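Trainee: I would like a close look at a single part of this protein. Could you take me through the salt bridges, and then show me what surrounds them?

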Amino acid sequence: MEPTLNPPNTFSRPNPVTGEDMLGKTVSGAHSAVIKTAAATDEAVRRAKPVIDRVAAGAHVAVDKVAGVATPTVAWLSTRSASVKATHQKVTADTRRYISANALKSVGVSLVAGLLIGRFMR
């Protein structure tokens, strides 16, 4: 007697995907996404760097120009501040002397000026 071979089962079910296989696919997909994102980020940085360098150089030039203009202005103002203070003190002293010498006239002018300003403000 000859042994009978069983024919291959053509209707067999495929093996279900195990948890480890699914985890491996998920990890592989996530790793691939991270690699693609890192590559895109590197490319964006590579493209942005020359623009950032140009902007920084332009800003540096602008700051240098402002500093070049501001330095003489500050020097001029510092020399003028003493003159402005002296002029202010002289005008104040002259005004006090005039008001003391012409008290009634000063009060009258002040009242009229106050009334006019009050009328215009309404």
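Mentor: Here is a walk through the salt bridges, followed by the other parts of the chain.

This is a predicted model, in which local features need pLDDT of at least 70 and side-chain atom pairs count only at pLDDT 80 or more, while totals for chains, interfaces and linings use all residues. Residues are numbered from 1 along each chain as its sequence is written, and side-chain values use heavy atoms, with hydrogens and water left out.

Start with the whole. The protein has two helices and zero strands. Helices (H or I, at least four residues) and strands (E, at least two) are DSSP runs, numbered from the N terminus. Of its 122 residues, 1% count as buried. Buried means under 20% relative accessible area, exposed means over 50%, and partly exposed lies in between (1.4 Å probe, protein chains only). The accessible surface comes to about 11500 Å². Carbon and sulfur atoms hold 68% of that surface. Such areas come from the Shrake-Rupley method with a 1.4 Å probe; for residues, only the protein chains shown count as cover.

Now the salt bridges. Side chains of opposite charge can pair when their charged atoms come close. A salt bridge here is a side-chain nitrogen of Lys or Arg within 4 Å of a carboxyl oxygen of Asp or Glu. The structure holds five of them.

Look at Glu43. Glu43, Arg46 and Arg47 are linked in a network of salt bridges. Arg46 pairs with Glu43, and their closest N and O atoms are 2.4 Å apart. Arg47 also forms a salt bridge with Glu43, with the closest N and O atoms 2.9 Å apart. The spacing along the chain is worth a look. Arg46 and Glu43 are three residues apart in helix H1 (residues 19-101), so about one helical turn separates them. Arg47 and Glu43 lie in helix H1 too, four residues apart, which is about one turn of the helix. How open are these residues? Arg46 is exposed, at 52% relative accessibility. Arg47 is exposed as well, at 59%. Glu43 is partly exposed, at 29%.

Move along helix H1 to another pair. Asp94 and Lys90 meet in a salt bridge, at 3.1 Å from N to O. Both lie in helix H1, four residues apart, about one turn of the helix. Lys90 counts as exposed at 52% relative accessibility. Asp94 is partly exposed at 32%.

Helix H1 also holds Thr41. A polar atom of the Thr41 side chain lies 2.8 Å from the backbone oxygen of Thr37. Thr41 is partly exposed, with 43% relative accessibility.

Next comes helix H2 (residues 103-121), where Leu116 is found. Leu116 is partly exposed, with a relative accessible area of 45%. Val112, Leu116 and Phe120 form a nonpolar patch on the surface, with about 340 Å² of accessible area together. Patches are made of residues with over 30% relative accessible area and no salt bridge; like charges are joined within 9 Å, and nonpolar side chains (Val, Leu, Ile, Met, Phe, Trp, Tyr) within 5 Å.

Ser106 is in helix H2 as well. Ser106 is buried, at 12% relative accessibility. What does Ser106 touch, not counting residues up to four places away in sequence? Ser106 is in contact (heavy atoms within 4.5 Å) with Tyr98 and Ile99.

How values were computed: Polar contact = N/O pair within 3.5 Å; in protein donor to acceptor, adjacent residues only side chain to side chain.
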